[in-house]
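Let's take a look at the rings and the nonpolar packing in this one. Have the structure open as you read.

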Amino acid sequence: LGLIAFLASLKPVAHLFKRRSEAATPAIIRHPVLTAVMGSMFWAGWLYRFRYAMVPETFYDALEYHLGLPNLYLLSHRIIAVPENSFSGIPSLPSMLYGWTLAWDQWGISASMLHCSFVIWIGAALLGLSRRLGRPEAGLYACAIFALTPVVAAESFRTSVGLEWALLQLLCFTGFLAIFDYDKNSPERKNWVILCGTFLGLTMATKYPAWLLPIAFIPALFLKFDGTRSDSSATISPRDAGLLFTVALLWLCPWVIKNIAFYGNPIYPFFHERFSPGAVYMPDWKQVNAAGTNPFHVLFSLDGLKGYGLNLWGFLKSRILNESSGPLYFLLAPFSLLVRLPPKTRLWAWLCLGSWVPLSLLSTLSRYFIPHLAAFALLLSLVIVEIRPARVRTIFLCIISAALAVTGVLWLLIDVPQRVKQNVFSGRLSYSQFLGHTAISYPTPVFAGIEYINANTPQDAK
């Protein structure tokens, strides 16, 4: 099914490289110095953290399932049922990519480097999106804002799925915006609908929370760019919507089929006691969902509404800097009152809100929101470039540049536990010494015992 969907998507992919009907937006840089400063901060932050990606992984989530499961599949020469690992039923397209790298690198360093490189690909997507939205300068600001967000910085060198989800979601939104560049019933519009559905399905194949993403498109199904209800070709027709979601489901269904075949539960491990009450192994899915919230409690109780507000505040002022989004995203509310956004930027704002709100009702874990922070970083940048007069815009850009610099310095100051990785990167510590005696994020004291067993076990028993 995946191969069929891939082959079907080749034709619309070619349209990415065709000149679209609108004239290309010239790359006018109105603040060259500030733009250069932000670009330098983006690259400096990424290069500093990339060293950490060149060290064996110690992140528990990666060891248990992001790398652990594909490594088990490699050892078994096929995908197998692992009911005792509750995460084995969760869709994880990035883990399959990591599995390819584990075929030649059992330390997981290649996978970590691949994951870290997605910051660059996200930056490229933001630059492309800013041009499509007619504000090319905003893309450079968005790159710096996103990459220097503390929770993104901390996640960039830990092998996980947030960055991959972010890139696929941005590509999905790119395809969605492109749909409106073509006339109703035109073949180009159909191709973009298929491409958007492809990236939507791939996004949903990264993690269960990404299954909420189709909700983000609901406002756009009923609104024109000027915010009025219309049934004209400026909206997405029911036929286009049906094609988009059908293509997305084609890409997602292999994961559902795998879960049904292995566990008899399409959403394993969740609600497994209802799907397979007589199962030999019953996963503790409530522990997997420990950071989850009840949306009905949030919406229909005072305590829930209060907790929701505190959770939003927690993104700004987390007790751990590595779990904070920083203050910049909260500038969206006051800044939006100062400007009148162009039609496509308003559509982008709807996509941002439509993707953020459903997840915010179900989870409080800040790193789950990394994909949405990428979209919001671009929205904030699009709002900033619309501020008039130019002198006021320049002042705000200076403030944001200073805030990013301060955030970067603070991250370096609290980065003490990770600095031992510099010794591994420079060769002063071997992999065995690092893994056997170093605790970063999660301790790994059993590594020395594993090495001893491997060294003293008969070859045919290993």
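## Charges over rings

Over the ring of which residue does the charged end of Arg 158 sit? That ring belongs to Phe 59, and the charged end of Arg 158 is 4.2 Å from its centre. Keep in mind that this is a predicted model. There's also Arg 132, whose charged end sits over the ring of Trp 192, 5.5 Å from the centre.

## Ring pairs

Aromatic pairs add up to 18 here. One of them joins Phe 217 and Phe 245 edge-to-face, with 6.5 Å from centre to centre and 65 degrees between the planes. Phe 217 sits in the loop between α10 (187-204) and α11 (238-263), while Phe 245 belongs to helix α11, so this pair ties together parts 28 residues apart in sequence.

As for burial, Phe 217 is buried, at a relative accessible area of 1%, whereas Phe 245 is partly exposed at 27%. Both belong to a cluster linked by ring pairs, along with Phe 173, Phe 176, Phe 180 and Trp 348.

## Nonpolar cores

The largest nonpolar core holds 100 residues, and the members touching the most others are Ile 122, Phe 146, Phe 176, Ile 179 and Trp 348. Phe 176 and Trp 348 turn up in the ring cluster too.

Take Phe 146: setting aside neighbours within four places in sequence, Phe 146 is in contact with Ile 122, Val 152, Leu 163, Tyr 329, Ile 370, Leu 373, Ala 374 and Ala 377. Apart from the largest core lies another one, of 12 residues, including Phe 87, Ile 90, Tyr 208 and Tyr 268.

Key
Residues numbered from 1 in each chain as written. Predicted model: local features only at pLDDT ≥ 70, side-chain atom pairs only at ≥ 80, totals over all residues. Heavy atoms only, no water. Phe/Tyr/Trp six-rings, centres within 6.5 Å; stacked < 30°, edge-to-face > 60°. Helix = DSSP H or I, 4+ residues; strand = E, 2+ residues; numbered from the N terminus. Buried < 20%, exposed > 50% of the residue type's maximum accessible area, 1.4 Å probe, protein only. Lys NZ or Arg CZ within 6 Å of the ring centre and 35° of its normal. Core = buried A, V, L, I, M, F, W, Y, C linked by side-chain atoms within 4.5 Å. Contact = heavy atoms within 4.5 Å.
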